[in-house]
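Let's take a friendly walk through the inside of this protein, with an eye on its aromatic rings and its nonpolar side chains. Have the structure open as you read.

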Amino acid sequence: MTTTPILVSFTGVQKTYDGINLVVRDLNLDIRQGEFLSLLGPSGSGKTTTLMMLAGFESPTAGDIMLDGRQITNTPPHKRNFGMVFQNYALFPHMTLAENIAYPLTVRKLPKAEREAKVLKALDMVQLGRMGSRYPAQLSGGQQQRVALARALVFDPQLVLMDEPLGALDKQLREHMQIELKALHRRLGVTFVYVTHDQTEALTMSDRVAVFSDGAIQQIDVVDNLYETPANRFVAGFVGDSTVLQAEVTRLDGVHCDVRLPSGVQLRGFNVNAAAVGDKVQCGTRPERLKIAEAPGANTFQSKVLDVIYFGDHLRLRCELPGQPDATVKMPLGHHQLPEAGQMIHVHAPVEHLRVYR
C-alpha cells in the first residue's frame with residue numbers, strides 16, 4: 001500500500017473561526033489513491049472541519065490542500081469533482097430516485113441518453129435497480145442512504161466524502177450498511193474519506209484511520225496497528241476497550257519498564273512514550289489479552305470479581321482492584337473454569353500487550 005500514489009495532501013493546514021482558537025492545528029495528512037480513510041474522533045476534535053475544507057465548504061486559515069499535485073485551496077466545491085454523502089441524505093423530496101441521482105449529471109449538462117444509462121448503472125450498484133420511479137418518502141432510511149450514495153458516485157468522482165452517513169440508522173441496519181459500503185469501495189476502487197465518531201465503524205470499514213483530538217491527528221495507521229499499538233493515552237482510550245491501571249515507573253529497561261501499582265504489585269510493560277523513573281503512568285491493555293492464572297506469577301495481579309456479564313459471543317468479568325478503576329477481562333464462551341461474583345482471581349497481563357503511557 002505504501003507505493004500507492006498520493007491523491008490529496010494537507011500541508012500545515014490550520015483553521016480558526018474566531019482568530020484565537022484553532023479548530024484544526026497544523027494538519028499534515030496524505031490521502032492515498034483508492035484508499036478508504038476514516039477521520040475518527042469525538043465532537044469538536046476537528047474531523048468534520050477537515051472534511052469541509054477538503055470539500056471546499058470551508059477555507060483554511062493557513063496551509064495548503066493539494067489534489068493530484070495541484071493547489072485546490074481556493075477552488076470552489078462544484079469544481080472539485082467530489083461526491084458528498086451527508087447524515088441527513090439531502091435528497092430532493094419532489095424528485096424520483098432516478099431524478100435525484102441524475103441531478104449531478106443534469107448540472108454537468110450530460111446528454112439525456114448518457115444520463116439515463118449512468119443512473120441505471122448507479123441504481124444497480126446500490127441494489128435499487130427497479131425503484132427509480134419511487135420518491136424518497138416511500139423508502140426506508142437504509143434505502144434513502146443508498147440513493148444518496150448512488151448520487152455521489154454517478155458522475156465518477158475522484159473522491160467520495162462522507163460525513164456520518166450511517167448515523168441516523170438503527171444498529172443492525174448500520175452494521176449491514178458498513179459491510180455493503182466496504183464491499184462497494186473494494187469493487188469501485190474510488191477514494192473514500194469518511195467522518196465518524198464511532199470507533200467500531202472506523203475499524204470495520206477503513207484501510208487506515210486518522211484519530212483526531214483537539215484539532216490534531218493523534219495517530220494515523222492501518223486498523224490493526226491502531227488497535228494493537230496505540231500511540232498515546234488518548235488513542236488507547238478512544239479506540240476499542242481498554243483496561244487501565246494507574247502505576248508509577250520504578251525501573252527502565254530498553255523499550256520496556258517496570259511499574260508499581262498502588263497495591264505494591266510490580267508489573268512490566270512496553271514503555272510507549274518514554275516515561276521516566278518516578279513518573280505516574282497509565283498501563284493499558286485490551287481486555288481480551290488478560291488471562292486468568294492458576295496462581296500468582298510474573299505480571300500477575302489479584303482482583304475480586306464483581307460481575308460476570310454475558311455479551312452473546314463472549315463474557316466480561318468486571319473486577320475490583322485496590323486503588324484502581326474497575327478492570328475488565330474478556331473471556332471466550334465455554335471457558336472451563338468460570339469465576340463467580342465475589343471470587344478472588346489472579347489476572348495475568350502479558351508483557352508484550354501491557355502498554356505504559358505517561
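Which residue lies over the face of F155? R108 does, at 3.9 Å from the ring centre. Please keep in mind that this is a predicted model. R286 is placed in a like way over the face of Y227. Here are both arrangements:

| Charged residue | Ring | Distance from the ring centre |
|---|---|---|
| R108 | F155 | 3.9 Å |
| R286 | Y227 | 4.2 Å |

Now for rings that meet other rings. The structure holds four aromatic pairs. In the one formed by F36 and Y194, the ring centres are 5.7 Å apart and the planes stand at 45°, so this pair is tilted. Because F36 belongs to strand β3 (residues 36–40) and Y194 to strand β8, the pair ties together parts that lie 158 residues apart in sequence. F36 counts as buried, at 0% relative accessibility, and Y194 also counts as buried, at 0%. Together with F192, these two residues form a cluster linked by ring pairs.

F192 also leads us to the nonpolar interior. It is among the residues with the most contacts inside the largest nonpolar core, which has 36 residues; I101, L149, V160, M162 and L181 are the others. Elements giving two or more residues to this core include α2 (97–107), α5 (171–188) and β8 (191–196). The largest share, six residues, comes from α4. Leaving aside residues up to four places away in sequence, L149 touches V85, V126, M162, L181 and L184. Apart from this core lies another, of 26 residues, including L54, L67, L159 and L161.

Methods
Residues are numbered from 1 along each chain as its sequence is written. This is a predicted model: local features need pLDDT of at least 70, side-chain atom pairs count only at pLDDT 80 or more; totals for chains, interfaces and linings use all residues. Side-chain values use heavy atoms; hydrogens and water are left out. A nonpolar core is a set of buried Ala, Val, Leu, Ile, Met, Phe, Trp, Tyr and Cys residues joined through side-chain atoms within 4.5 Å. Buried means under 20% relative accessible area, exposed over 50%, partly exposed in between (1.4 Å probe, protein chains only). Helices (H or I, at least four residues) and strands (E, at least two) are DSSP runs, numbered from the N terminus. Contact means heavy atoms within 4.5 Å. Rings of Phe, Tyr and Trp (its six-membered ring) pair if their centres lie within 6.5 Å; planes under 30 degrees apart count as stacked, over 60 as edge-to-face and the rest as tilted. A charge sits over a ring if NZ of Lys or CZ of Arg is within 6 Å of the ring centre and within 35 degrees of the ring normal.
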